[in-house]
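Student: I would like a close look at a single part of this model. Please take me through the sheet and whatever packs against it.

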Amino acid sequence: MLRRLAASGRALLAAPAAAAAQPIVAARGVRAVAAATSGKPVLPSQVHPLPDQLFRSIELEYRGHDPAVLKSYTQFLEQVCTNLSVTRGSVATLPYVRWVQPLLRSKFVHKKYKLHYETRTHITRFTIHDVTGSTASTFLEYIERNIPEGVAMRVEYEELLPLPDTITASAYWK
Ligand SMILES: *[C@@H]1O[C@H](CO)[C@@H](O)[C@H](O)[C@H]1NC(C)=O
């Protein structure tokens, strides 16, 4: 969800930055059309005429039922970071989430005998540092296209922004 927001953010940014960064605008044309038609909320960076977004860090959290698959995907992410020269942050394996459902073994007799159904959701957190908006979208596009079956991902951004006008315009700031 957050990723989608950021994608539309870049698109809307393209309009104010048109004079300064012509090639970037052209590259983002497709997304601009898509974003303009969807009624998405507006990120703070969208109201600032910056040439591109700056992310201090992007946190990827992916979860699935098979720890081996997550491990392999982590290796893939590390290789992508190396190949695309993206600064890698920490990799953390979080405690898995356990879900247990005890049920009768037979339909209604032998109430002493139960079956435990259990699922475990394994979670890994991977961080990258100091990327621009265009690097972030390329990186995320690539890794999301290659995400394994049954693995879900959540992306969290930490974005750098100029101070708001209410502060920079005040007498104390000058
Ligand atoms: C990284 O680059 C190497 C060499 O070009 C390539 O073999 C490998 O598939 C790349 N890995 C990823 C994850 O893109």
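Student: Which residue of strand 4 does E59 stand opposite?

Tutor: E59 stands opposite E156 in strand 4. Keep in mind that this is a predicted model. Now build outward from that residue.

E59 also has a bridge partner on its other strand neighbour: T127 in strand 3. A further link comes from its side chain. R125 and E59 meet in a salt bridge, at 3.4 Å from N to O. R125 belongs to strand 3 and E59 to strand 1, so this pair ties together parts that are 66 residues apart in sequence. The whole structure holds nine salt bridges. As background, side chains of opposite charge can pair when their charged atoms come close.

Next, the strand that carries E59. Strand 1 covers residues 54-64, strand 3 covers residues 114-132, and the two pair in the antiparallel sense over ten bridges. Two other positions help to trace the register. I58 stands opposite I128 in strand 3. R63 stands opposite I123 in strand 3. Strand 4 also runs antiparallel to strand 1, and nine bridges join them.

Strand 3 has another pairing. It pairs with strand 2 over 14 bridges, again in the antiparallel sense. Within that pairing, T87 has H129 of strand 3 as its bridge partner.

Put the pairings together. The result is an open sheet of four strands, in the order 2-3-1-4, with antiparallel pairing. Strand 2 (87-104) and strand 4 (152-160) are the edges. Each has a single partner strand, so one side of each is left without a neighbour in the sheet. Neighbouring strands are turned by 15° against each other on average, direction ignored.

Now the helices. Helix 4 (residues 67-83) lies across strand 1, strand 2, strand 3 and strand 4. Its course is at about 5° to strand 3. Helix 5 (residues 133-145) packs on the sheet too, touching strand 1, strand 3 and strand 4. The direction of helix 5 makes about 150° with that of strand 3.

These helices also meet each other. Helix 4 and helix 5 pack at an angle of about 150°, and their axes are 11 Å apart. An angle over 145 degrees counts as roughly antiparallel, so helix 4 is roughly antiparallel to helix 5. The crossing is right-handed. On the helix 4 side, the contact is made by Y73, F76, L77, V80 and C81. Helix 5 supplies F139, Y142, I143 and E144. By class, this contact has eight nonpolar, no polar and one charged residues.

To recap the part around E59: E156 stands opposite in strand 4, T127 is the bridge partner in strand 3, and R125 is the salt-bridge partner.

Terms used:
Residues numbered from 1 in each chain as written. Predicted model: local features only at pLDDT ≥ 70, side-chain atom pairs only at ≥ 80, totals over all residues. Heavy atoms only, no water. Pairing = 2+ DSSP bridges. Axes fitted to C-alpha atoms, helices over the stretch in contact; angles between N-to-C directions. Contact = heavy atoms within 4.5 Å. Parallel < 35°, antiparallel > 145°, perpendicular 65-115°, else oblique. Left-handed = near helix turned anticlockwise from the far one by under 90°. Nonpolar A, V, L, I, M, F, W, Y, C, P; charged D, E, K, R; others polar. Salt bridge = Lys/Arg side-chain N within 4 Å of Asp/Glu carboxyl O.
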